[in-house]
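Colleague: Could you walk me through this one? I'd like the overall picture, then any odd spots.
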Amino acid sequence: MAATPDLLFGLRNNFYLGAYQAAINSGDVQNLKEEDAIERDCLIYRSYIALGSYQLVVNEVDSSAATPLQAVKLLALYLLSTDNKETAISSIREWLDDPAIGNNPILRLIAGIIFMHEQDYNEALKYTNVGGTMELNALNVQIFLKMHRSDYAEKQLRVMQQIDEDHTLTQLATAWLNLAVGGSKIQEAYLIFQDFSEKYQMTSLILNGKAVCCMHMGNFDEAESFLLEALNKDAKDPETLANLVVCSLHLGKPSSRFLNQLKLSHPEHMLIKRGSSAEESFDRALQTV
């Protein structure tokens with residue numbers, strides 16, 4: 001018996017690899033079961049969020065929408081304004097405590113993302129640690145790496161590999177872990193991003209992945225070229241701008257332009273919060289990596 005085709009594969013893959021506009025453009029998938037239609041809509045709205053269109057999501061998702069969509073709207077509200085943060089966190093806690101919806105995987109995923117933004121990693125893990133979907137597993141890898149627990153991240157990655165070794169998220173999580181471990185693993189991480197760039201549309205996420213690998217290997221000129229290409233794709237991408245600051249410092253080039261761009265587009269970014277000595281402190285931190 002032939003396997004049922006995965007009608008959302010292209011949309012999902014575009015989203016995972018940071019091709020957000022392509023994900024939105026490929027969202028016109030018809031004849032879906034209700035559960036799949038909700039997943040499609042969640043991915044499209046999360047793509048809009050990734051592009052910074054928070055208000056669009058807030059406006060379009062009404063109060064009668066399914067729980068996963070309400071959770072995505074809550075993420076948009078959280079990111080829209082610092083004034084909304086406490087309300088969004090209070091609402092998500094309330095929903096998580098509701099036995100009727102508290103175990104919804106998208107709700108738990110959004111909770112994990114919000115608490116990771118808050119740098120409250122233990123709270124994030126309360127809702128993500130049981131896994132259940134590849135996205136939750138991948139988020140767990142990210143959280144463990146943020147906590148500098150590559151041992152736990154590796155255990156979580158093994159779970160993903162047992163489910164589907166070739167899954168895009170498994171490959172991404174492998175690259176993240178390799179970057180954290182360092183040494184000879186950096187080359188392996190680079191090859192994963194290189195493979196993505198040969199198979200799929202080039203995105204800022206892929207270019208930043210290649211650039212960070214190059215920086216770890218001391219190839220700052222090559223890293224700069226990848227980052228400038230990424231900047232052409234998205235002039236406001238915070239990771240691209242932050243990585244360009246670091247790369248410029250190592251190349252002995254002025255980094256203030258990229259730092260100012262980051263300040264304007266993402267005033268909450270870690271680099272900006274470090275104040276006037278951001279360049280020096282970030283450079284010192286990099287030396288210890």
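Modeller: Sure, starting with a term: a contact means heavy atoms within 4.5 Å. Residues 24 or more positions apart account for 49% of the protein chain's contacts with a separation of 6 or more.

Colleague: Where does the model come from, and what are its limits?
Modeller: This is a predicted model, where local features need pLDDT of at least 70, side-chain atom pairs count only at pLDDT 80 or more, and totals for chains, interfaces and linings use all residues. Residues are numbered from 1 along each chain as its sequence is written, and side-chain values use heavy atoms, with hydrogens and water left out.

Colleague: How many helices and strands does the protein chain have?
Modeller: The protein chain has 18 helices and zero strands, taken as DSSP runs (helices: H or I, at least four residues; strands: E, at least two) numbered from the N terminus.

Colleague: And what share of the residues is buried?
Modeller: Of the 289 residues, 47% count as buried. Buried means under 20% relative accessible area, exposed over 50%, and partly exposed in between (1.4 Å probe, protein chains only).

Colleague: Now the odd spots: which residue between helix H2 and helix H3 should I look at?
Modeller: Try Asn31, in the loop between helix H2 (20–25) and helix H3 (34–50). Phi of Asn31 is near 55 degrees, a positive value in a residue other than glycine. Most residues other than glycine have a negative phi.

Colleague: Is Asn31 buried or exposed?
Modeller: Asn31 counts as exposed, because its relative accessibility is 77%.

Colleague: Where does Gln119 lie?
Modeller: Gln119 sits in the loop between helix H7 (105–117) and helix H8 (121–128). Its phi is near 60 degrees, a positive value, and Gln119 is exposed at 57% relative accessible area.
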